[in-house]
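User: I'd like to learn how to read a fold like this one, feature by feature. Could you walk me through it?

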Amino acid sequence: MACNATRVFPQAVLLAAALTVYPQTAGAQGVVNCAERAQVIEFLAKQYSEKQAAFGMVNQQAVMELYAADNGTWTLVITDVSGRSCVILAGKSWETIIPVGPKA
């Protein structure tokens with residue numbers, strides 16, 4: 001079961017990123033959680049004490065960043081090449097796993 005979750009999670013993140021980076025127009029859109037990258041990072045630091053914990057390229061147009069705090073809150077952010085950052089997911093109970101032993 002853990003292997004399946006490990007394989008599915010990256011695909012889910014990429015799907016969420018793709019939907020955010022290339023949104024379709026909708027008749028009635030909800031609140032947009034996007035702003036300039038510096039503003040988003042400052043907000044996460046001040047409001048939740050979150051710092052960058054991980055990052056990776058989604059494609060040539062976007063970067064995914066994960067921010068986490070010692071108290072367990074976390075936020076997944078996608079930034080496009082224009083510098084616009086959007087909050088994709090957020091949650092609680094973040095745990096950092098420190099690998100032990102040789103890499104597999």
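User: Let's begin with strand pairing. Which residue stands opposite isoleucine 78 in E5?

Analyst: Isoleucine 78 has cysteine 86 of E5 across from it. Keep in mind that this is a predicted model, where local features need pLDDT of at least 70, side-chain atom pairs count only at pLDDT 80 or more, and totals for chains, interfaces and linings use all residues. Residues are numbered from 1 along each chain as its sequence is written, and side-chain values use heavy atoms, with hydrogens and water left out.

User: How many bridges join E4 to E5?

Analyst: The general idea comes in two parts: strands (E, at least two residues) and helices (H or I, at least four) are DSSP runs numbered from the N terminus, and two strands pair if DSSP finds at least two bridges between them. Here, E4 and E5 are antiparallel and share six bridges. Their hairpin has three residues between the strands, and glycine 83 there has a positive phi near 95 degrees.

User: In what order do the five strands form the sheet?

Analyst: Read across, the open sheet goes E1-E5-E4-E3-E2, with antiparallel pairing. Strand E1 (34–36) and strand E2 (51–59) are at the edges with a single partner strand each, so one side of each has no neighbour in the sheet. From one strand to the next, the twist averages 30 degrees.

User: What about the pairings at those two edges?

Analyst: On one edge, E1 is joined by three bridges to strand E5 (residues 84–91), and the two run antiparallel. Glutamate 36 faces arginine 84 of E5 there. On the other edge, seven bridges hold E2 to E3, again antiparallel, with phenylalanine 55 opposite glutamate 65 in E3. E2 and E3 make a hairpin with two residues between them, and glutamine 61 is in that loop. The C-alpha atom of glutamine 61 is 8.5 Å from that of threonine 79, although the two are 18 residues apart along the chain.

User: How do I read a disulfide, and which cysteines are joined?

Analyst: Look for a pair of cysteine sulfur atoms within 2.5 Å. By that rule there is one disulfide, between cysteine 34 and cysteine 86, at 1.9 Å S to S. The partners come from distant parts of the chain, cysteine 34 in strand E1 and cysteine 86 in strand E5, 52 residues apart. The torsion about their S-S bond is about 110 degrees, so this disulfide is right-handed.

User: Is cysteine 86 buried or exposed?

Analyst: The scale is relative accessible area: buried is under 20%, exposed is over 50%, and partly exposed is in between, using a 1.4 Å probe and protein chains only. Cysteine 86 is buried at 3%, whereas cysteine 34 is partly exposed at 27%. Back in the E2-E3 loop, glutamine 61 is partly exposed too, at 35%.

User: How many salt bridges does a search of the whole structure find?

Analyst: The test is a side-chain nitrogen of Lys or Arg within 4 Å of a carboxyl oxygen of Asp or Glu. Two turn up in the whole structure. One pairs glutamate 65 with arginine 37, at 2.6 Å from N to O. Glutamate 65 belongs to strand E3 and arginine 37 to helix H2, so this pair ties together parts 28 residues apart in sequence. Glutamate 65 is buried at 4%, while arginine 37 is partly exposed at 33%.

User: And the other pair?

Analyst: Lysine 46 forms a salt bridge with glutamate 42, with their closest N and O atoms 2.8 Å apart. Both sit in helix H2, four residues apart, or about one turn of the helix. Lysine 46 is exposed at 66%, and glutamate 42 is partly exposed at 42%.

User: H2 keeps coming up. How far does H2 reach from its first C-alpha to its last?

Analyst: The expected span of a helix is 1.5 Å times one less than its number of residues. H2 has twelve residues and reaches 16 Å, close to the expected 16 Å. Right after H2 comes serine 49, with a positive phi near 60 degrees.

How values were computed
Axes fitted to C-alpha atoms, helices over the stretch in contact; angles between N-to-C directions.
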